[in-house]
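Me: Please show me the model first. Then let us go through it in turns, starting with the terms.

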Amino acid sequence: MPNTIGVIGLGVMGSNIALNMASKGEKVAVYNYTRDLTDKLMNQAGEAALEPYYDVERFVQSLEKPRKVFLMVTAGAPIDSVIESLTPYLESGDIIMDGGNSHYEDTERRYNDLQTKGIGYLGIGVSGGAEGALHGPAIMPGGDKEDYEKAAPILTKIAAQVDGIPCCTYIGPEGSGHFVKMVHNGIEYADMQLIAEAYTFLRQRLSLPVEEIANIFGTWNEGELQSYLIEITENILRKKDEETGKPLIDFILDKAGQKGTGKWTSLQAIDNGIANSIITEALFARYISALKDQRVKASSILNGPDSAVEPLDKKAWIEYVRQALYMGKICAYAQGFTQYKATSELHNWNLPLKEIALIFRGGCIIRAQFLNTISAIYEENPNLDNLLIAPYFAEKTREYQKGLREVVCEAVQTGIPFPSLSTALTYYDSYRTANSSASLLQAQRDYFGAHTYERNDREGVFHTDW
Ligand SMILES: NC(=O)C1=CN([C@@H]2O[C@H](COP(=O)(O)OP(=O)(O)OC[C@H]3O[C@@H](n4cnc5c(N)ncnc54)[C@H](OP(=O)(O)O)[C@@H]3O)[C@@H](O)[C@H]2O)C=CC1
Ligand SMILES: O=C(CO)[C@H](O)[C@H](O)COP(=O)(O)O
């Protein structure tokens, strides 16, 4: 019996995806360009229907036609090198799927190259980390619909399932699947940073012990903030350092890493005139965190505000922080989904926003209860300009802006940096401002550069001899 699918790249994600496929009844050929990872996987695979290969040609020959090869390899040059090693053995009608975090423009280049050889190419966003890959990730496939149809029976089977619906849907043509994953990661950066700021307020400003903050996150996770990131934050805060018995969080160096997808999200937004400031501030927060030595030095040179720090009413302020976090989250998702809408229009991708929100409900890192609301909003109005003006969220912002304003003002007054919460508030206030300061910018541009301006009382283009 030939293998029904092949997986190349047996690191953290690839080995788990292969085991996931095998557990759903697929016969899986596995290959890694170095031998060790293949042996390691086979040692842990037990009875799983995996067949190891140490030679690409034999790996390909073991697959049923049309062949389906799933790559879970480091993004960038390694993907090109794997494709180059594979294609001599593939035939017209076969498909390669790239499940890694590839840049969507790289995916488009590879799609076009392989099209000339008759080989299908799907750029597939996969989210859920190691656990998701094993038990069911969110899957965002982009490329030709007919190629997707060939792989859909396997992809929908291995995806997370929520209310009987697989967290996998055809996203659209070209690199749209990887684009959706890229912005998913941008939203992930914002969501994580907002949570980190909420934690900081509770810890620094309200001086709550870590255990109590874990309890607060646990309570929040039972309400409208319910999400995977809140859940893991509670678990993280409960974890003790094995040596000291103290909260592990206090021993983790405050330098955030990143692998590039957040940066790509910001660059794409900037290139296309899309204001995704919360996502970008979350990226910058990681950059500033990386300057640990400079920050330590500056902390002994630069002062914060002089004003005395007053005690705050604990119960009231925990609720303000909850509101601030929820409101920040609404603004961050509004930015991410605006980036989807604007880019979809730019490329004619017709991105299914309702379905994207639906598949994000399970498996992926940003899975959250309120994605049900987002999905329902797009079902009612697929062309909505911005989630903020959907009646449900507009009502929430009326109620919760108080919490966000209080928390941001208090942080500013006491010198606690809150890049994402403060940017969320600025975004909210900017978006709801009918008459902005841009009039003055236009006048300045016209003054120094004769760049012209439009008027608000009549049509036309004007220049003034200032
Ligand atoms: N970890 C996560 O939570 C998630 C990761 N991703 C994405 O999935 C992809 C894989 O990530 P992950 O499994 O975590 O990474 P790992 O580093 O664990 O695995 C990378 C795999 O790529 C292989 N590889 C590296 N260089 C080459 C090369 N030149 N030629 C052939 N194979 C190569 C590695 O083989 P070897 O070790 O032998 O060099 C290994 O099998 C990445 O694009 C990542 O961004 C997506 C979602 C979540
Ligand atoms: O894709 C992912 C989750 O969705 C990966 O975990 C990715 O590595 C996260 O990005 P970064 O490493 O930049 O924090």
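Reply: Two strands pair if DSSP finds at least two bridges between them. Helices (H or I, at least four residues) and strands (E, at least two) are DSSP runs, numbered from the N terminus. Residues are numbered from 1 along each chain as its sequence is written, while chains are lettered from A and ligands numbered from 1 in the order in which they are written. The model is predicted: totals for chains, interfaces and linings use all residues, but side-chain atom pairs count only at pLDDT 80 or more and local features need pLDDT of at least 70.

Me: Start with the sheet. Which are the edge strands?

Reply: The open sheet holds 7 strands, and its pairing is mixed. Their order is β3-β2-β1-β4-β5-β6-β7. An edge strand here pairs on one side only, which picks out β3 and β7 (138–142).

Me: How many bridges join β2 to β3?

Reply: Strand β2 covers residues 28–31, and strand β3 covers residues 50–53. One opposed pair is V30 with P52 of β3. The two strands run parallel, and the bridges between them number 4.

Me: Through which helix does the chain cross from β2 to β3?

Reply: This connection is a right-handed β-α-β crossover. Right-handed here says that, with the strands pointing away from the viewer, the path from the first strand over the helix to the second runs clockwise. The helix crossed spans residues 35–45 and is α2.

Me: Which residue of β2 does V7 stand opposite?

Reply: β1 and β2 pair in the parallel sense, with 4 bridges. Together with α1 they make a right-handed β-α-β unit. V7 faces a residue of β2, and that residue is V30.

Me: And the pairing with β4: which residue is the bridge partner of I8?

Reply: Strand β1 (residues 5–8) pairs with strand β4 (residues 68–71). The sense is parallel, over 3 bridges. In β4, I8 has as its partner L71.

Me: Which way do the residues of β2 point, and are they buried or exposed?

Reply: In a regular strand the side chains alternate between the two faces of the sheet. In β2, V28 and V30 point one way, whereas A29 and Y31 point the other way. A residue counts as buried with 20 or more other C-beta atoms (placed from the backbone) within 10 Å of its own, as exposed with 12 or fewer, and as partly exposed in between. By that count V28, V30, A29 and Y31 are all buried.

Me: Now the ligands. Which residues come nearest to ligand 1?

Reply: A residue belongs to a shell if its C-beta atom, placed from the backbone, lies within 6 Å of the molecule. Around ligand 1 there are 23 such residues. Elements that each supply at least two of them are α1 (12–23), α4 (77–86) and β6. The nearest residues are G11, M13, P78, G100 and N101.

Me: Which elements give two or more residues to the shell around ligand 2?

Reply: The residues around ligand 2 are N101, S127, G129, N185, E188, Q258, K259, T261, G262 and I365. Two elements give two or more of them: α8 (176–205) and α11 (261–271).

Me: Turn to S375. Why is S375 partly exposed?

Reply: S375 sits in helix α16, residues 370–380. It touches K354, A357 and L358, leaving aside residues up to four places away in sequence; touching requires C-beta atoms, placed from the backbone, within 7 Å. S375 is partly exposed because the other C-beta atoms within 10 Å number 19.

Me: What separates the C-alpha atoms of S375 and N112?

Reply: S375 and N112 are 263 residues apart along the chain. Between their C-alpha atoms the separation is 32 Å.

Me: Backbone next. What is omega at the cis peptide bond of K65 and P66?

Reply: P66 has its place in the loop between α3 (56–61) and β4. The bond joining K65 to P66 is cis. Its omega is about -10 degrees.

Me: What is the phi of D163?

Reply: D163 is in the loop between β8 (161–162) and β9 (165–166). D163 is exposed, because 8 other C-beta atoms lie within 10 Å. Although D163 is not a glycine, its phi is positive, at about 50 degrees.

Me: Where is A450 found?

Reply: A450 too is not a glycine, yet it has a positive phi of about 50 degrees. It is exposed, because 11 other C-beta atoms lie within 10 Å. A450 belongs to the segment after α19 (438–449).

Technical notes
Two residues are in contact if their C-beta atoms, placed from the backbone, lie within 7 Å.
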